[in-house]
Amino acid sequence: MGQYLLSTYAVEGQGAGAPPTPEDMKTFMDRVVALEDEMEATGTFVFGGALYGPDAATVLRASDSGPVMTDGPFVEAKEHIAGFYIINADDLDAALVWARKVVDAISHPIEVRPFRATGRLRA
Amino acid sequence: MTAPVAATGDAIGVDRVFREAYGQAVATLIRIFGDITLAEDAVQEAFVVASDRWPRSGIPPNPAGWIVTTARNRAIDDLRRSARGRQLHEELGAVVDPSREARIERREVEGPVKDDQLRLIFTCCHPALRTEHNVALTLRLLGGLSVDEVARSFLVSEPAMAKRLVRAKYKIKAAGIPYRVPEDADLPERLRSVLSVLYLIYNTGLEGPERASLRTEAIRLARALVELMPDEPEAAGLLALMLLSESRATARTSDGSLVLLRDQDRTRWNRTMIQEGHAIVRACIRRGRPGPFQLQAAIQAVHCSADSLEATDWAQIVALYDHLFSVMPTPVVALNRAIAAAEIEGPGAALTAIDAIAAELDNYHPMHAARGTMLRRLGRGDAARAAYERAASLAVTEADQQFLAHLLDALDEGGTES
């Protein structure tokens, strides 16, 4: 059993897959809730959710006089990570089945990347 | 170990057996050890032993089985000795699991299980890998080509190809690309991926005489696939398509220049391959589950049935192109339909059809060449020249370049007849 990161990206100035009208928003949320319920019920869901925009980000860097803080995300880019799931899956094919469901639910491209636990999670 | 059958074991025989046994042995070793690099190293070591032993004592009756046994034993020895091995050994457990060992022993008697190769084809051709990695892995792991041979076939340096293979194997391992035949729901998409990789290998083999071995390899792999998946008509269709194309290989070039189907010496076509291709196409038609490769094979089958250009059943070919376009609506199919239809409807209608897709195929030299030919047949010499020149500027292979140079020369001689 492995774990995979399913992440989606938003382009600056465009919504992160959230539709504009309240009705559309409701159907969108219903789809996401149904998908997460299915992930939960099958023991697939580990963690996940949506991220606030890059303007809300703070970066810390080590320096001789202690960590230095800067406003903004790591990389100034047009695209930034908008949300993610960590899922349990036996192999890439199994992870891709879930990635397809996420794409269907949010109509946004998904990156599938193997996740390697570190530290205490590794034990 | 069984007694050797051949006592001669000449170098060529050993080479051929190596090539054929390699893919089978690597596939089985990957199943046993779950690690591609370990499997490759072990098989490599077994081949070193074989290349020393076989020329003296002869090739064993089941060479792949012999390689698997030897490679497996070596790998287990190596694993027991090295620290990394001990760790892997514990992780795998399976290596020393007595029931598994018993199964392995049984396989050695029966010869390697064919399913291993099928699993490996699907791993190598996984759509999550980029196409150039699919091709490199397939040729290296299943085809048993050396890294250098694969590199030369794709005009890249050996270190670049080695790096490509390392990256591809890293992704398989890290991303957890499975080593198994896909589930039914995924099978059509995944099989399409396998078939297109094999067809790409074949077509790359058409790009020059130094690459001809890729065609042989592609046909060998397609044949193996048909044997492994006898219920997949598209796999059979691909094999037939390759055989029918290959039957004309020697007639396709003359003095290093491309010879069009219409000008080929049909007595030089390989009748054995045509017969086999025709038999497969007939079997596909009886099954009634047509797909793009079967339809392309059927078109080639009609061409190969004609003793002369005049005897070609063009109406049948155009009808098959229409069917093909309905399942594969690409501009290249539309172009080929137009070229075939010119034989019935004349160059004017064909030119109209080609012009309709010209923008989409602007970087595809066969489109400009075909357009040039229609213009020439319509007596529009200057426009024909421009089209041929554009085609020549886009053509890559030596044979295509020469062919287009001939066409331009013929124009200069005032040849505007059809």
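What follows is a short look at chain B, its helix packing and its contact with chain A. The model is a predicted one.

Chain B is mostly a story of helices: there are 20 of them, alongside two strands. Of its 418 residues, 40% are buried. Looking at contacts within chain B between residues at least 6 apart in sequence, 62% turn out to link residues at least 24 apart.

Helix α12(B) is a good place to start. This helix runs over residues 233-246, so numbered in chain B, and its 14 residues reach 20 Å from the first C-alpha to the last, close to the 20 Å expected at 1.5 Å a residue. As for its surroundings, 14 of the 14 residues of α12(B) are buried, so the helix is largely enclosed by the rest of the structure.

Two helix pairs in chain B are worth a closer look. Packed helices of this kind are described by the angle between their axes and the distance between the axes. In the first pair to be taken up here, α7(B) (residues 131-142) and α9(B) (residues 158-175) have axes that come within 10 Å and cross at roughly 100 degrees. An angle from 65 to 115 degrees counts as roughly perpendicular, and α7(B) and α9(B) are therefore roughly perpendicular to each other. On the α7(B) side, the contact is made by Glu132(B), His133(B), Ala136(B), Leu137(B) and Arg140(B), which meet Met161(B), Arg164(B), Leu165(B) and Ala168(B) of α9(B). By type, the residues of this contact come out as five nonpolar, one polar and three charged.

The other pair joins α17(B) (residues 347-357) to α18(B) (residues 365-377), with axes that come within 9 Å and cross at roughly 145 degrees. The crossing of α17(B) and α18(B) is left-handed. Here Pro347(B), Ala350(B), Leu351(B) and Ile354(B) from α17(B) meet a set of α18(B) residues, namely Met367(B), Ala370(B), Arg371(B), Met374(B), Leu375(B) and Arg377(B). Eight of the residues in this contact are nonpolar and two are charged, with no polar ones.

Turning to the other chain, eight residues of chain B are in contact with five residues of chain A. The chain B side of that contact holds six nonpolar residues, one polar and one charged.

Within chain A itself, Thr8(A) sits in strand β1, which spans residues 2-11. Thr8(A) has 20 other C-beta atoms within 10 Å and is therefore buried. The C-alpha atoms of Thr8(A) and Ala82(A) are separated by 5.7 Å, although these two residues are 74 residues apart along the chain.

Terms used. Residues numbered from 1 in each chain as written. Chains lettered and ligands numbered in written order. Predicted model: local features only at pLDDT ≥ 70, side-chain atom pairs only at ≥ 80, totals over all residues. Contact = placed C-beta atoms within 7 Å. Nonpolar A, V, L, I, M, F, W, Y, C, P; charged D, E, K, R; others polar. Helix = DSSP H or I, 4+ residues; strand = E, 2+ residues; numbered from the N terminus. Expected span 1.5 Å × (residues − 1). Buried ≥ 20, exposed ≤ 12 C-beta atoms within 10 Å, placed from the backbone. Axes fitted to C-alpha atoms, helices over the stretch in contact; angles between N-to-C directions. Parallel < 35°, antiparallel > 145°, perpendicular 65-115°, else oblique. Left-handed = near helix turned anticlockwise from the far one by under 90°.
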